[in-house]
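User: I'd like to learn how to read a model like this one, feature by feature. Can we go through it together?
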Amino acid sequence: MKVKVNNNYSEWFETKTEVKQEDTLSALLFSVVLESVITNLEVRGNITTRLKQICAYADEIIIIGRTKQILIDTFCKLKYEALNAGLIVNNNKTKYLFCARKTIHPTYINTGEEQSEQVNSFKYLETMMNTDNSFEEQIKERIAAGNRAYQVQKKLFSSKLISRNVKLQLYNTLIRPTVTYDSETWVLKENMTIKLMIF
């Protein structure tokens with residue numbers, strides 16, 4: 001490590017003191033290390049030509065592969081690069097999802113050292129991913145979250161001291177964004193559109 005003081009760098013020195021988990025420096029250092037790990041995976045090309053793709057935010061990483069073998073190889077390389085950087089992949093949280101038009105019975109994927117469970121759906125950054133690429137589950141969840149947000153503010157909405165315009169502003173500020181979070185990515189069927197319009 002080097003320290004920069006008045007545009008001059010110090011000599012290299014080694015530090016063995018750990019950073020506390022709640023420290024703001026901890027998140028920054030983790031992001032830097034994780035970025036270098038993902039860079040070493042050498043994901044090149046554009047979205048139409050890639051055989052694999054990596055989506056990462058904080059400590060949540062998704063590997064998208066066109067074949068099962070590419071997925072296994074990329075995961076093994078990620079695990080190896082992470083270990084070299086001093087990071088450990090949590091095998092208990094590692095799952096995989098197989099998207100296909102036909103129904104697939106859950107199995108396990110074997111990466112050599114351990115097995116990862118196949119799931120039918122999982123949540124990534126508050127977005128439900130599932131095998132049939134359906135958004136119905138997510139929309140129902142968003143509507144339920146909007147109802148909870150309304151229940152929390154129910155006294156404000158039922159108060160006769162607050163004008164209708166202010167209540168509309170509260171609705172547009174507090175409730176509607178809760179329901180429509182991530183709606184830009186939704187593909188809506190008519191029944192879901194009707195449910196959202198009622199809300």
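User: Let's begin inside: which residues touch the most other members of the largest nonpolar core?

Analyst: A quick note beforehand: this is a predicted model, where local features need pLDDT of at least 70 and side-chain atom pairs count only at pLDDT 80 or more, while totals for chains, interfaces and linings use all residues. Residues are numbered from 1 along each chain as its sequence is written, and side-chain values use heavy atoms, with hydrogens and water left out.

Now the idea: a nonpolar core is a set of buried Ala, Val, Leu, Ile, Met, Phe, Trp, Tyr and Cys residues joined through side-chain atoms within 4.5 Å. Buried means under 20% relative accessible area, exposed over 50%, and partly exposed in between (1.4 Å probe, protein chains only). Here the largest core has 13 residues, and those touching the most other members are Val37, Ile63, Leu71, Leu78, Leu87 and Ile109. Helix 1 (24-39) and helix 2 (68-84) are the elements that give two or more residues to this core. Helix 2 supplies its largest share, five residues. Helices (H or I, at least four residues) and strands (E, at least two) are DSSP runs, numbered from the N terminus.

User: What is leucine 78 in contact with, once its neighbours within four places in sequence are left aside?

Analyst: Contact means heavy atoms within 4.5 Å. On that basis leucine 78 meets Val37, Leu41, Ile61 and Ile63. Another core, of seven residues, lies apart from the largest one, and its members include Ile139, Ile143, Trp186 and Met192.

User: Lysine 79 comes right up in helix 2. Buried or exposed?

Analyst: Lysine 79 counts as buried, because its relative accessibility is 18%. Leaving aside neighbours within four places in sequence, lysine 79 is in contact with Val89, Asn91, Glu113 and Glu114.

User: And where is glutamate 114 found?

Analyst: Look in the loop between strand 6 (108-110) and strand 7 (115-118). Glutamate 114 counts as buried too, at 15% relative accessibility. With the same neighbours set aside, within four places in sequence, glutamate 114 is in contact with Phe75, Lys79, Asn91 and Ile109.

User: Which residues line the second largest pocket?

Analyst: General idea first: rolling a probe the size of a water molecule over the atoms shows where empty space is left. On a 1 Å grid over the protein atoms alone, a pocket is an open set of points where a 1.4 Å probe fits, with protein on both sides within 12 Å along at least five of seven lines; lining residues have an atom within 4 Å of a point. The lining here is Glu18, Val19, Lys20, Gln21, Ser26, Leu29, Phe30, Val33, Ala85, Gly86 and Leu87.

User: What about asparagine 6 and asparagine 7, where do they sit?

Analyst: Asparagine 6 is in the loop between strand 1 (4-5) and strand 2 (8-9), and asparagine 7 is in the loop between strand 1 and strand 2 as well. Asparagine 6 has a positive phi of about 50° although it is not a glycine, while asparagine 7 has a positive phi near 65°. Asparagine 6 counts as exposed at 70% relative accessibility, and asparagine 7 counts as exposed at 66%.

User: Zooming out, how many helices and strands does the protein chain have?

Analyst: The chain has six helices and nine strands. Its C-alpha atoms fill a box of roughly 70 × 55 × 30 Å, taken along the principal axes. Buried residues make up 24% of the 199 residues.
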